[in-house]
Amino acid sequence: MSMYKVDILAFGAHPDDVECAVSGTLLKHIAMGKKVAIVDLTAGEMGTYGDPETRRNESLKANKILGISYREQLGIKDGAIINNEANRLLVIKAIRKYQPEIVLANALSDKHPDHVIAAKLVSDAVFLSGLKMIETVVN
């Protein structure tokens, strides 16, 4: 079993997506003793409200407030998320690292194109993460 094993793994296209969408759900489950990790696909560098450093600092504060066990960013370019093999492998690696029981992602229907693409990217990666023929090295 992974030392990073969590109950819930929440993906967001940008820092703050998870907090805006499901922080209440995460708080409820953390209060029940569940472990949660958040993976931001991008640093949110294209956002109107703050630069990547500000958004990172806000994420660190949110982690403490919510009680998040782990958080990381995958470094995909904001405003240019693509559902391609390279990005699917990044997401698959995160899924295998955290071995979640539940995976949350952006909504499949949204006005923000990054959110829609991120949702499909994560959905595809969840399925593909179970295929043994796809090799990843998990730290």
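**Strand β1, helices α3 and α4, and His-14: the reasoning behind the terms**

Me: What makes β1 count as mostly covered?
Reply: In strand β1, 5 of 5 residues are buried. Buried denotes a relative accessible area under 20%, exposed over 50%, and partly exposed the range in between, with a 1.4 Å probe and protein chains only. The model is predicted, so that local features need pLDDT of at least 70 and side-chain atom pairs count only at pLDDT 80 or more, while totals for chains, interfaces and linings use all residues. Residues are numbered from 1 along each chain as its sequence is written, and side-chain values use heavy atoms, leaving out hydrogens and water.

Me: How do you know that both faces of β1 are covered?
Reply: In a regular strand the side chains alternate between the two faces of the sheet. On one side of β1 lie Ile-8, Ala-10 and Gly-12, on the other Leu-9 and Phe-11, and all are buried.

Me: Why are β3 and β4 called edge strands?
Reply: The open sheet has 4 strands in the order β3-β2-β1-β4, with parallel pairing. At its edges, β3 (70-73) and β4 (102-104) each pair on one side only. Strands are DSSP runs of E of at least two residues, and helices runs of H or I of at least four, numbered from the N terminus.

Me: How do you know that β1 pairs with β2?
Reply: Pairing requires that DSSP find at least two bridges between two strands. The parallel strands β1 and β2 share 5 bridges, so the requirement is met. One residue facing β2 is Leu-9, which stands opposite Ala-37. Toward β4, β1 (residues 8-12) has 3 bridges, also in the parallel sense, and the partner of Leu-9 there is Val-103.

Me: How do you know that the span of α4 agrees with its number of residues?
Reply: The expected span of a helix is 1.5 Å times one less than its number of residues. For the 16 residues of α4 (residues 113-128) this gives 22 Å, and the end C-alpha atoms are 23 Å apart, which agrees. Helix α3, with 14 residues, reaches 20 Å, close to the 20 Å expected.

Me: Why is α3 called oblique to α4?
Reply: Axes are lines fitted to C-alpha atoms, for helices over the stretch in contact, and angles run from 0 to 180 degrees between N-to-C directions. α3 and α4 pack at about 60°, with their axes 9 Å apart. That angle makes α3 oblique to α4, because angles under 35 degrees count as roughly parallel, over 145 as roughly antiparallel, 65 to 115 as roughly perpendicular, and the rest as oblique.

Me: Which residues of α3 and α4 meet?
Reply: Contact means heavy atoms within 4.5 Å. Among the residues that meet are Val-91, Ile-92 and Ile-95 in α3, and Leu-121, Val-122 and Ala-125 in α4. The buried residues of α3 also pack against β1, β2 and β3.

Me: Why is His-14 called buried?
Reply: His-14 has a relative accessible area of 4%, and is therefore buried. The residue lies in the loop between β1 and α1. Apart from neighbours within four places in sequence, its contacts include Asp-40, Arg-55, Asp-78, His-112 and His-115.
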